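Reader: I'm new to this one. Could you take me through a single part of it, the place where the copies meet?

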2 protein chains.
Amino acid sequence: MKRIYLDYASATPVRKEALKAMMPYFSEEFGNPNSTHHYGAEALEAVEEAREKIAKTINASPGEIVFTSGGTESDNLAVKGVAYAKMQQGKNIITTPIEHEAVANTCRYLGEKGFDITYLPVDVDGAVSAADVRAKITPRTTLVTIMHANNEVGTIQPIEDMFGIVTEKGVTTHSDAVQSYGLIPINVKSMKIDLLSVSAHRIGGPKGVGTLYVKEGTELVPVLHGKDHERGRRPGTLNVPGIVGFSVAAELAMKEMKKESKRQSKLRDLFTNYITENMKGVKLNGHPKKRLPNNINLSFDGITGDELVKELDRHHIAVSTSSNSNILRVIGVTGEKAMGSVRITLGRETTEKDVRNVMHVLQKIVDDARKKY
Amino acid sequence: MKRIYLDYASATPVRKEALKAMMPYFSEEFGNPNSTHHYGAEALEAVEEAREKIAKTINASPGEIVFTSGGTESDNLAVKGVAYAKMQQGKNIITTPIEHEAVANTCRYLGEKGFDITYLPVDVDGAVSAADVRAKITPRTTLVTIMHANNEVGTIQPIEDMFGIVTEKGVTTHSDAVQSYGLIPINVKSMKIDLLSVSAHRIGGPKGVGTLYVKEGTELVPVLHGKDHERGRRPGTLNVPGIVGFSVAAELAMKEMKKESKRQSKLRDLFTNYITENMKGVKLNGHPKKRLPNNINLSFDGITGDELVKELDRHHIAVSTSSNSNILRVIGVTGEKAMGSVRITLGRETTEKDVRNVMHVLQKIVDDARKKY
């Protein structure tokens with residue numbers, strides 16, 4: 001039986017174009033971009049070309065792109081970087097209770113270190129509001145960090161509305177866009193984003209590489225210390241093949257975004273509508289409309305999320321669960337439904353046949369589980 | 001004209017066996033090792049197999065291997081990790097003035113944060129002594145961090161002698177082995193190493209991956225915050241292909257170490273002897289015997305290091321210079337020689353023909369430069 005992978009929010013296969021572009025940089029043009037000889041120059045050229053490509057995808061300048069080891073490091077650098085750089089000015093950070101652990105646990109850590117963390121209210125759809133952001137900003141606020149789209153339920157936040165207010169007050173803005181980058185448009189200028197975290201392996205690039213966009217002039221204390229690379233913002237030998245692969249995947253994602261977004265959201269709605277119309281005791285988590293084109297998050301009475309993942313895996317279908325995350329509690333999903341959430345995330349390789357297949361299997365698994373208990 | 005690469009201390013080509021082993025993990029077995037389904041399990045299995053292989057190379061247990069993005073992150077995690085974990089006990093850290101920037105600048109940063117950094121004396125060969133370490137330890141000392149072999153001049157430190165004394169006093173030991181790992185034997189148990197930093201791209205593995213060995217029971221505060229991976233020591237999605245390639249390169253390096261070490265040190269001595277016997281105004285930097293088998297570091301009157309690198313590059317030969325590092329000042333190289341150091345580092349692909357070729361070209365470049373001035 002053919003395997004069906006519907007967990008694109010966790011990892012994606014590296015696209016063949018990206019892998020092909022990476023290949024020469026492993027064993028042939030293998031220089032350290034920091035070296036001044038021919039091999040170093042070749043590596044540096046590849047990195048700078050990639051930097052330019054990635055900058056273009058978010059309407060940034062190449063000098064504003066800092067390469068990191070991935071989304072987690074980018075989030076750490078953004079949040080701690082601003083918190084420490086501006087701590088003389090104030091120690092208040094505004095965030096949401098539904099951030100990815102890379103932001104959430106960094107904020108928690110800063111909380112333990114004497115920073116004051118303000119959590120915005122989240123509505124039943126998983127959204128925060130510009131009015132709440134405005135109300136919470138104080139003269140001691142130095143950073144507002146709000147994810148672009150939620151990793152579990154896919155809700156897209158009104159970044160532009162919120163960050164417009166925030167930047168007007170001279171407060172730095174950060175958005176974790178690991179889940180949205182490549183799926184929906186991001187323009188750091190019009191969206192008033194000062195810092196943006198992105199990961200390559202969520203868009204058909206390789207694992208182990210990401211970027212932090214840092215708006216020109218943004219003060220940032222580095223998280224890692226060492227050689228003076230990336231304009232003093234991130235030391236460590238650059239992962240040249242990873243960076244090259246990332247840039248190719250990013251370019252392709254931008255080129256195909258419109259078409260893929262339309263295609264995937266159609267499949268998403270087909271799936272969601274079928275399940276909600278044909279089954280009882282089911283709830284769609286996250287905003288019904290303002291959500292990532294590839295995200296389906298459903299809660300079921302009568303079966304736990306872990307069981308759902310396991311049963312689907314037995315049917316050669318790979319998905320994830322949100323039952324172990326705090327998102328369901330925050331958006332008010334209670335009782336059995338809080339235990340029975342499944343996150344299904346579509347991708348480039350997903351076909352209508354896959355989707356129809358999985359929705360029927362899922363229906364049967366839930367029905368069978370309910371018969372047993 | 002064929003290019004000759006003699007800068008293996010900066011970067012090495014990924015070995016074909018390592019690259020071959022990595023390939024399936026980019027686009028086929030591309031799961032996130034954190035996922036509980038089939039794809040995740042496959043990725044996790046690959047990671048755990050790699051962990052076991054790497055642990056074996058230094059006589060450690062798999063659970064003591066923490067995967068990172070490379071040597072710089074490993075050094076940061078080790079030094080800051082222990083400094084903060086034990087700060088109630090004391091704030092003294094002992095190190096050397098010739099560490100790689102990843103350790104040196106981390107110590108400098110901690111110095112600014114109120115830690116007290118003790119620098120050991122370094123002799124003219126670039127070595128530190130066990131007696132000095134013993135003399136400097138205080139009840140407030142929590143960490144001794146000393147590189148295994150110097151990245152510029154190749155001097156190997158008497159780690160076992162020093163760390164024996166250090167661990168007896170209950171102080172944690174860290175060694176940056178980025179330059180030595182894979183070239184000379186490392187046994188964390190007999191050498192009394194609590195923390196050891198290693199980078200994959202120095203041994204024929206890919207860029208963007210490394211490890212920190214953390215002896216069971218060692219207290220460590222994480223540097224990055226996020227998901228609870230690597231036993232809570234390092235968050236972020238694991239770079240599965242990178243880790244697999246690293247482990248294959250590590251295994252091969254160990255298998256070939258004896259033979260390669262002998263072969264490379266013979267070439268090293270051939271080169272050094274030719275230059276020092278046939279030229280005037282030249283000095284071998286670093287210990288004459290206790291040095292890495294692949295390291296040649298020479299200072300010349302009458303030409304700067306930057307010019308040497310540039311001229312050799314014009315002859316299609318890639319090397320590095322130590323003139324921009326502080327090592328020469330620390331070991332007492334002064335005057336013109338401090339400006340004219342070249343670092344030549346051999347590798348698996350280096351042949352005797354390459355070495356003979358480069359030594360003659362180098363001689364001619366220096367002679368020509370001296371005629372001009």
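Author: Sure, let's start with the meeting surface itself. Of the interface residues of chain B, 100% are also interface residues in chain A, so the copies meet through the same surface. Bear in mind that this is a predicted model, where local features need pLDDT of at least 70 and side-chain atom pairs count only at pLDDT 80 or more, while totals for chains, interfaces and linings use all residues. Residues are numbered from 1 along each chain as its sequence is written, and chains are lettered from A and ligands numbered from 1 in the order in which they are written.

Now the contacts: 51 residues of chain B are in contact with 51 residues of chain A, counting two residues as in contact if their C-beta atoms, placed from the backbone, lie within 7 Å. On chain B's side, the elements giving two or more residues are α1 (16–22), α2 (24–27), α3 (38–57), α4 (71–85), α5 (101–112), α8 (240–278) and α9 (305–314); helices here are DSSP runs (H or I, at least four residues), numbered from the N terminus. With five residues, α5(B) gives the most to that side.

How do the copies line up? A rotation of 180° with 0.0 Å of shift along its axis superposes chain B on chain A, at RMSD 0.0 Å. That is the relation of a two-fold axis. The fit is by least squares on the C-alpha atoms of residues with pLDDT of at least 70 in both copies. Of chain B's residues, B:Ser69 comes closest to the rotation axis, with its C-alpha at 3.0 Å.
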